[in-house]
Amino acid sequence: MTLFRRFRQVGRYGPVRVGTATDNRGREKHTAACAAPRCGFSAEYDTRSAAELAARTHRCSAV
């Protein structure tokens with residue numbers, strides 16, 4: 001079963017979007033996901049700076 005997450009502080013770094021949400025245990029998590037078609041990159045991090053670094057260094061193979 002998936003959890004509906006309401007993202008806040010959404011930022012964009014090229015095709016990658018970074019958002020902050022609360023997981024099902026009440027912890028704050030930061031997600032980086034590529035919005036390009038057929039890319040499929042997404043990752044969840046404990047800190048916002050790690051998610052932003054992943055977004056800035058992501059090289060999309062679909063573009």
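User: Where is Ser42 placed?
Analyst: Ser42 is in strand E4, where strands (E, at least two residues) and helices (H or I, at least four) are DSSP runs numbered from the N terminus. This is a predicted model, in which local features need pLDDT of at least 70 and side-chain atom pairs count only at pLDDT 80 or more, whereas totals for chains, interfaces and linings use all residues. Residues are numbered from 1 along each chain as its sequence is written, and side-chain values use heavy atoms, with hydrogens and water left out.

User: And what does Ser42 touch, not counting residues up to four places away in sequence?
Analyst: With that exclusion, Ser42 touches Ala32 and Ala33, contact being heavy atoms within 4.5 Å. The C-alpha atoms of Ser42 and Thr31 are separated by 7.1 Å, although the two residues are 11 apart along the chain.

User: Zooming out, what's the strand order in the sheet?
Analyst: The order is E1-E2-E3-E4 in an open sheet of four strands, and the pairing is antiparallel; a pair requires at least two bridges found by DSSP. Strand E1 (8-13) and strand E4 (42-45) are the edge strands, each of them pairing on one side only. From one strand to the next, the twist averages 20°.

User: How many bridges hold E3 to its partners, E4 and E2?
Analyst: Strand E3 (residues 28-34) pairs with E4 over four bridges in the antiparallel sense, while seven bridges join E2 to E3, again running antiparallel. Thr31 appears on both sides, with Glu44 as its bridge partner in E4 and Gly19 as the residue whose bridge partner in E3 is Thr31. His30, for its part, stands opposite Tyr45 in E4.

User: Is E3 largely enclosed or open, and why?
Analyst: E3 is largely enclosed by the rest of the structure, because five of its seven residues are buried, with buried meaning under 20% relative accessible area, exposed over 50% and partly exposed in between, for a 1.4 Å probe and protein chains only.

User: Lys29 caught my eye. Buried or exposed?
Analyst: Lys29, which is in strand E3, counts as buried at 15% relative accessibility. Its side chain makes a polar contact with the side chain of Asp46 at 2.6 Å. A polar contact is a pair of N or O atoms within 3.5 Å; within protein, one must be able to donate a hydrogen and the other to accept it, and residues adjacent in sequence count only if both atoms are side-chain atoms. Leaving aside neighbours within four places in sequence, the residues in contact with Lys29 include Asp23, Glu44 and Tyr45.

User: What about Asp23, where is that one?
Analyst: Asp23 is in the loop between E2 and E3 and is buried, its relative accessible area being 8%. A polar atom of the Asp23 side chain lies 2.8 Å from the backbone nitrogen of Arg27. E2 and E3 form a hairpin with five residues between them, and Gly26 in the turn has a positive phi of about 85°.

User: Different topic: which residues of H1 are buried?
Analyst: They are Arg48, Ala51, Glu52, Ala54 and Ala55. Seen down the axis of H1, these residues fall within an arc of 160°, so they line one face of the helix; the arc is that of the directions from the helix axis to the C-beta atoms. The buried residues of H1 pack against E1, E2, E3 and E4. Glu52, at a relative accessible area of 18%, is in contact with Tyr13 and Val18 once neighbours within four places in sequence are left aside.

User: Which residues make up the largest nonpolar core?
Analyst: Eight residues do: Val16, Val18, Ala32, Cys34, Ala36, Ala51, Ala55 and Cys60. A nonpolar core is a set of buried Ala, Val, Leu, Ile, Met, Phe, Trp, Tyr and Cys residues joined through side-chain atoms within 4.5 Å. E2, E3 and H1 each supply at least two residues of this core. Not counting residues up to four places away in sequence, Val16 touches Ala32, Cys34 and Ala55, among others.

Conventions
Axes fitted to C-alpha atoms, helices over the stretch in contact; angles between N-to-C directions.
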